[in-house]
Every structure is written in C-alpha cells, then in structure tokens.
Amino acid sequence: MESLEKILILDFGSQTTQLIARRIRELGVYSEIKSCYISLEEIKNFSPSGIIFSGGPSSVYDKNAPSIDKEIFDLEIPILGICYGAQLITHVFGGKVEKSEKREFGLAYIEILQINKLFKGLRKNKKYKVWMSHNDRIEKLPENFYALARTENSPFAAIACKNKPLYGVQFHPEVIHTEIGTKILSNFIFEICKCKANWNMPSFIEKTVKEISEVVKKNERVICALSGGIDSTVTAILVHKAVDDRLISIFVNNGLLRKNEPEEVLALMKNLGLKVRYVDASSIFLSRLKGVRDPEEKRKIIGETFIEIFEKEAQKFENVKYLAQGTLYPDVIESTSFRGPSVTIKTHHNVGALPEKMNLKLIEPLKELFKDEVRKIAELLGLPKHIVWRQPFPGPGLAVRIIGEVDEEKLNILREADAIVTEEMLKLGWYYKVWQSFAVLIPIKTVGVMGDVRTYEYVIAIRCVESQDGMTADWVKLPYEILERLSNKIINEVKGVNRVVYDISSKPPATIEWE
Ligand code: XMP
C-alpha cells in the first residue's frame, strides 16, 4: 500500500474536480483531492508522482483569486493545469491572461500543433472535439513555454514548458465530451508521471477499512443510521469491517416505508452479519404529520423527528464519538464548498444537522465516489443484486408521494399500488432499465363505475423516469401495454383507487418526486 504512486489534485473550486479524480481512479491510479490552500510542506509530505491543478470560477487577476506557492514548480514534480490551472501557471510564469472577447462554453474543436508526451498517440494538425468552459484565455505565453494546440478562439488551448515538466490545457479533459480527454490524462499519469496502474476498488476497500480502524480508538464507538439502501449499507459494512461490534447500526421505521420494507431490511442486515437496533417509531411520525399539508413542513417534521429519535437511541450507548454516513459525492457537490473555493448551489436534504447537534465526528467513506462506483464496491462486498441496483428512495419516504396530508389509510393504498408498480416493472424487465418507477397518491376523488356500481375513489399517478444522476430527468416512454397492465392491476387490486394516470413531465421544470 505504501508504494502506491499518487496523483495530487489541487482544487481551485471547479464543479468538475471530482470528475478528474474519478477518471484517474478509472485509469487505475490513486489520487487525492486537496484544497489549493494547502502548504508546500503538506504537498511534499504527500509525495505525489504528479499534480493536477483543477479549474475554478476565479480570474487569475482577481484580487482574491487563489494562487499557489511558486516553490511548487521547483519540486520537479510534473504538473498539469486544467482551465484556471493552466491560466495560473501562465500567470505565475509571467505570461498574460485576459478576459476573452468570445467566451467558450461547451463543445469546441482543438487543432493539435505539436505532439509531445501529453499528446502521444494523437495526430498533428488534426482537429479534436473538446469541452470548454471559460471566460478568460491565455493571451501571451511565458518565456520557455510553447503552444501545443489552439481553437478558433484560444491561440493557446494547450501549452507546455520547454525546461520543466509543466503542462496546461484550457479545455476539460475530465469531461466525457472531450473525446481525447482520457488519452490526455492517461498520457499525463503514465507517460509523464510514470505511474503504474495498481489502484482498484479492492484497494479502495482495503485502504478505507484501514483508515477507519486507525481513526476510531479502541474504546470509541461509531453509530450509523441504516436505511437498507445501498449507500448506508455499504458504509455500515466498511465501518463494521474496521471496528467490528463497536459499530451501532440503527434502523428507524418512520411508518413511511414501502410494503414489507422493515422486514426485508432486517433480514438483509442479518444475512450481512450486521447487528441492527430496530426502532419502530411509526406512530410518532404519523401523529406529528397529522393535519400537515405543506410539503416543506412535512419534510421538516420528518427530518427533525428522525434526529430526535436517533439521538435518543444513540444516547443509550457510551463512548459514541463518530457518526458514519453514506454521503456520496453528488450529495456533497451541491451542499458545500468542497475543498476549494467553489460556489454553493443548494443545501441538500440529507447532509443534516445531526453531527453538530450530537457533537459527533463524521465518517463518510463514500464521500468522493459516484453512485456507479459505490455499486461496484457493493458487488465486491457481496451485496445481493436487488440492493446493488435498487432504485433510489427518498428519506421522507412515502410522505412525499402522498400529496397533502398523510394518514394510515392513504399510506396503505399507496403501499399496495407502489408494490404493484415495482413487481410488474421487475417482472417485465423494466425495473433496472429506468432510474425510478413508483406510484403517487393524488388525494382527489373521481367518479368511476365498477360492476355497475358508482365509485368515488382516489387517483394514482405512475411516475417513471430515466436519469443519470437525479439532477435532470425525462419521463420514460413505457409501452402502452405496460401502462395498461399497471393501470388494470392497480384499479382491480387496490381498494380505494378507481383511476390511474401517467406523469409525462420532465425535470426540470417538474421534479422527480411530487413533493
Ligand atoms: P427531486 O424530487 O428533487 O429528486 O427531483 C431527485 C432525486 O432525489 C431523491 N430525493 C431524495 N433523496 N432524501 C433523499 O435521500 C430526500 O429528501 C429526497 N428527496 C428527493 C428522489 O427520489 C430523486 O431520485
């Protein structure tokens, strides 16, 4: 483990810094992201084989723009600057960076002017598709630098230094739309930094377990809220491997779970060898939700009640010092300024107030990973397919799928309708093809006729979307036969429903969940 070659990524605040780390992991090399503000000493101690400067929202000539200790360039460690990173290298070495008259956002074509190690395998004078996102551009190169590529609007779209292992690209090689991106990153880490590809998901598991066991002292305990979903389950397994019975897993039934869910979660945890403390708090949640119609108010009550119950359970144990959470990178990017000076976009519902309130330190082993990477780990840890590939389910559960007030009757109707959707989607081979497929209860009664009798019952909406990450989504064009089958089954088998509709809204402007 000690002989691992490492790439250090210095974060200057780009929204795609994690993607750089991800691409490097995919190439089989270990990388870590650190803030651009870390000291030279820390960089030396980290002993990287190569350094990447990420992009960022600033302009190098801004008063408070993040800079870099110039001595980093004397370490003789290869450096690749991406976008802001490339501009920073230019600026530090005396070149000129200015606001570009024509900004470049999105696809552009670069023309390769010279082939060197960074562009090994590419063709001179050929144009390649790249993804750009910048206001500023390099106007004049510093002494001893030369241009490797240009675009229509950037004469210095890629640069290199003649007498030091320094490289810069104005475009983003980490983004999949840059067709030569992986090639360039791979050239940087293998041809220039001379790394070997010896990092993989088993090494991730090994390293994470080792780190957790070093952090948590022998008399300390870790607490974890299990939901039965992949993120919290994988987190609990990793922590359990590290601290064994000093992990306390708590599963709170908030009364807003799907049909048979509590029983299934408990059985799964037993199979995985995790001891779980089961707390049935359904009646508390439901009584607090009585009469509440506003979606945000419902979410707030559920969140606060969860914290209260969890805290009460946690206090029954001594020496609890850590809270393990299954936070993934997409949860983090939106909620905090990650390592460097990035812009906060919105506060996510799951990264909550619990640790501060309970004075706990956080263990978030999946914080730098994307969902598909967590799925790979889950498979390696032996989790069953239906957990690894399960569709996302929101923390506030069925409460955000019942419009308006939540009560036991509506929950029971929704549970039955939802179970039919899931069962049929699985049976017909669609469940794993889509991002989410579920039922929503619309608390409006409409007139129907069943066996010559007038009915007056609720409406169920079916929501089925495809998405990469839940941030944007499109409704799935399910075949009519499937919609017909779902509608027939729900109306025939679920008492209290006489009408089914299909939601054909995309996100944005709608959201995936109805509340
Ligand atoms: P929306 O409804 O915002 O949902 O389009 C995007 C994705 O997030 C899930 N979701 C949640 N997940 N806690 C969660 O863990 C929540 O409070 C929550 N709200 C929405 C939703 O199911 C979809 O996949």
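This passage describes the domains, nonpolar cores and a surface patch of a predicted model. Residues are numbered from 1 along each chain as its sequence is written, and side-chain values use heavy atoms, with hydrogens and water left out. Local features need pLDDT of at least 70 and side-chain atom pairs count only at pLDDT 80 or more, whereas totals for chains, interfaces and linings use all residues.

The protein chain is divided into domain 1 (6-192), domain 2 (201-388) and domain 3 (406-502), with bounds that come from an automatic or database domain assignment. Between domain 1 and domain 3, the C-alpha centres lie 49 Å apart.

The largest nonpolar core (buried Ala, Val, Leu, Ile, Met, Phe, Trp, Tyr and Cys residues joined through side-chain atoms within 4.5 Å; buried means under 20% relative accessible area, exposed over 50%, partly exposed in between, with a 1.4 Å probe and protein chains only) has 94 residues, of which Val 222, Ile 223, Val 234, Ile 460, Leu 478 and Ile 490 touch the most other members. Helix α6 (residues 230-243), a DSSP run of H or I with at least four residues, gives the most to this core, with eight residues. Because domain 2 and domain 3 both give residues to the core, it lies between them. Apart from this core lies another, of 38 residues, including Leu 27, Ile 112, Phe 188 and Cys 193.

At the surface, Leu 426, which lies in helix α14 (residues 408-427), is partly exposed, with a relative accessible area of 40%.

Note on methods:
Helix = DSSP H or I, 4+ residues; strand = E, 2+ residues; numbered from the N terminus.
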